[in-house]
Amino acid sequence: MKKTKLAPFVYTLQTNKVFFSKEAREVIEITEPYLELQEIKKTILHKDWKVAKEAFFKALEGHMLDVTVGVYVSNKLLRLNIQGYWTHDDNGIPYQLNGFFQELQENQNDAPAKLSEQGANKIKEIFLANISHEIRTPLNAIVGFLELLSNQVQGPDGKYYLELINESTQSLLTLINDVLDFTKMEANKEIILKKQFNLHDLLVYVAEIYYPKKTQELEFALVIRDNLPEQVIGDPERLKQILTNPLNNSFNYTRKGKIELEVQLSKEPVEEGKVGISFVVRDSGEGIAEDEIKHIFEPFYQAKAGNMNKPKGTGIGLAIVKKLVEAYGGKVTVQSELNKGTELSILIPFEKATQKIAPNSKSLVVVPDLAETKVLIVEDNLTNQVLLKEVLKQTRCQVEYASNGLEAIKALEEKDIDLVFMDFQMPVMDGIAATKHIRNSNKHYANVPILGVTANTWENDIQYALDVGMNDIISKPFKQEDFFNKVMELLQNVAILETKEGVVALDLSLVESYIGTDKDVQHNFLTIAKNEVNDCFEAINDKLLDKNLQVQQELHKMKGIFGYLSETMRKNVATLEASVKQGELNLTELKERVKSLQIKSGKIFNKV
């Protein structure tokens with residue numbers, strides 16, 4: 001039997017939907033990541049469905065799912081071996097089937113491959129990603145409302161309690177990210193990005209996390225040596241992980257004395273074009289026994305520290321550090337002695353910085369003024385709907401709601417929406433399918449900017465969402481600063497894109513070439529043009545039931561006006577004029593095209 005690649009999937013009992021990974025979609029030749037179970041049933045050989053159903057229910061009783069069925073794909077029959085297991089809630093009730101399938105080729109009578117280590121890792125990866133989604137969704141509300149409350153609570157006690165809640169929430173989020181990152185690293189996925197950043201700023205940021213943990217008996221110090229370069233090229237977020245994991249350990253296992261983070265230029269030689277930076281985390285804590293030091297970088301290993309009653313944490317923090325440092329091309333070593341302390345030394349070869357960038361300063365959240373903007377929140381979780389509403393309230397924008405993709409499409413058809421916030425996983429129609437429908441609709445809303453708001457952490461699915469037409473993605477839970485930055489960037493990009501099909505904007509360079517740069521003259525000219533265009537649309541709408549010649553004349557007049565304002569809009573009007581002249585449109589199609597033009601025209605003049 002020829003071996004084929006593993007194709008992971010997840011079936012959720014509550015929604016009766018199956019999520020297919022990228023590998024699975026390639027095997028069964030589908031584009032949508034989610035399918036209803038009833039849709040899948042139609043593709044399975046009738047005689048095999050009964051066998052599959054029996055295996056399905058047997059697995060519910062705690063057995064391993066292992067069944068082979070025939071499936072029709074593009075008029076050909078594939079033999080698929082399906083394996084997996086159920087996960088249960090706290091009450092022991094099964095709610096999610098995690099598994100994979102393999103295509104059986106050549107000799108169909110061969111025994112299917114048993115669950116391999118590779119297959120188990122694939123299932124673990126998809127399971128952890130889905131569990132992460134379920135946790136991140138409520139965490140988004142907790143983080144978001146905490147941020148809103150921090151601006152309202154005045155008393156010192158209230159602020160202190162909020163800080164404690166926020167610290168616990170961030171710890172939980174860090175734990176989730178660590179587990180997922182470890183899974184990605186186990187799968188040998190690319191994890192290190194490259195960007196220039198200010199190393200000094202990053203070190204100060206990390207130190208400020210731990211300064212509040214100081215006590216009368218426990219000191220903490222950040223020591224930056226004079227020879228340390230200010231700018232380097234690497235992955236700042238991964239470096240934060242590398243430093244915070246051992247620092248967390250030090251604070252967990254050190255009751256008194258001192259904890260220190262020392263950073264300097266390394267004396268060890270590194271690859272040409274790179275600069276070696278040494279990071280040392282020292283503490284005077286419980287220490288690690290000599291026979292256990294060799295195990296501390298193993299995943300889930302927890303050393304028995306000095307006088308502590310039991311280990312703290314998950315046991316994967318240092319395993320993550322080692323993998324990240326090695327991904328950087330560096331190395332990590334540890335020295336420790338029971339009841340005397342531990343010293344963790346990290347060497348990372350960063351690429352040398354090519355230019356100077358300004359140091360970061362503490363930034364306040366800049367809230368954009370979106371008073372003239374209408375947004376659509378597409379989210380089935382009521383708590384997250386309320387959170388987005390409260391966050392957006394600060395911008396003065398107008399907000400509409402939809403609980404699934406179908407409701408979103410209906411809202412877009414009925415209202416002039418400027419920006420859509422689209423969740424991924426929703427009942428009836430999910431965000432991916434809705435986005436695909438919007439982009440392929442050829443309606444007036446086909447190019448509306450869409451910001452995906454998701455707790456999904458699968459790189460393949462995020463890329464797929466971008467491929468089908470989402471303009472950008474923000475992950476739950478998000479900070480207000482990141483959220484507003486994404487919104488402004490998205491709206492600004494849409495406002496200046498003249499070349500993208502269907503998207504129009506005022507071309508000031510074109511205006512200036514005709515009437516000059518005087519702002520008052522420009523304003524008067526644009527006001528007159530706006531009024532004339534509105535008169536044209538009013539006349540067109542009055543004459544839609546009359547002869548096409550009269551509509552054509554108004555379009556011709558409008559085309560001339562837009563010749564001074566926007567080449568893209570002029571072409572759009574000219575295209576409609578030609579279609580009317582040739583009699584290519586029925587009344588319904590003509591109304592739809594005129595409505596689309598009117599909406600685009602409004603976006604050009606909305607600041608006049």
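**View 1. Asn245 in helix H7 of the predicted model.** Asn245 lies in helix H7, which spans residues 236-252. The structure shown is a predicted model. Is Asn245 buried or exposed? Its relative accessibility is 8%, so Asn245 counts as buried, because the cut-off for buried is under 20%. Ala319 is 74 residues away from Asn245 along the chain. In space, 9.7 Å separates the C-alpha atoms of Asn245 and Ala319.

**View 2. The largest nonpolar core.** This core has 42 residues. Which residues have the most contacts inside it? They are Leu199, Leu203, Leu239, Phe279, Ile346 and Phe350. Helices H6 (199-210), H7 and H9 (317-328) each give two or more residues to the core. So do strands E8 (218-224), E10 (257-265), E11 (274-283), E12 (331-337) and E13 (341-352). In soluble globular proteins, nonpolar side chains tend to be buried together.

**View 3. Contacts of Phe279.** Neighbours within four places in sequence are left aside here. Phe279 is in contact with Leu199, Leu203, Leu239 and Leu243. Its contacts also include Leu344, Ile346, Ile348 and Phe350. Glu262, Val263 and Ser345 complete the list. Among these partners, Leu199, Leu203, Leu239, Ile346 and Phe350 are also, like Phe279, residues with the most contacts inside the largest core.

**View 4. A second core.** This nonpolar core is separate from the largest one and has 27 residues. Ile44, Trp49, Val69 and Leu78 are among them.

**View 5. Strand E16 and its two partners.** Strand E16 covers residues 419-422. Leu419 and Phe421 point one way from E16, and Val420 and Met422 point the other way. All four are buried. In a regular strand the side chains alternate between the two faces of the sheet. Strand E14 (residues 374-378) runs parallel to E16, joined by 4 bridges. Ile377 stands opposite Phe421. Strand E17 (residues 450-454) also runs parallel to E16, joined by 3 bridges. Gly452 in E17 is the bridge partner of Met422. How does the chain get from E16 to E17, and what is the handedness of the crossover? The chain passes through helix H12 (residues 431-439), and this β-α-β crossover is right-handed.

**View 6. Stretches with pLDDT below 50.** The mean pLDDT of the protein chain is 78. Of its residues, 78% reach 70 or more. Over residues 305-311 the pLDDT is below 50. Beyond near neighbours in sequence, the stretch 305-311 has 17 contacts in the model. Residues 495-503 also stay under 50. For residues 495-503, the model has 19 contacts beyond four places in sequence.

Note on methods. Residues numbered from 1 in each chain as written. Predicted model: local features only at pLDDT ≥ 70, side-chain atom pairs only at ≥ 80, totals over all residues. Heavy atoms only, no water. Buried < 20%, exposed > 50% of the residue type's maximum accessible area, 1.4 Å probe, protein only. Pairing = 2+ DSSP bridges. Right-handed = clockwise from strand over helix to strand, strands pointing away. Core = buried A, V, L, I, M, F, W, Y, C linked by side-chain atoms within 4.5 Å. Contact = heavy atoms within 4.5 Å. pLDDT = per-residue confidence, 0-100.
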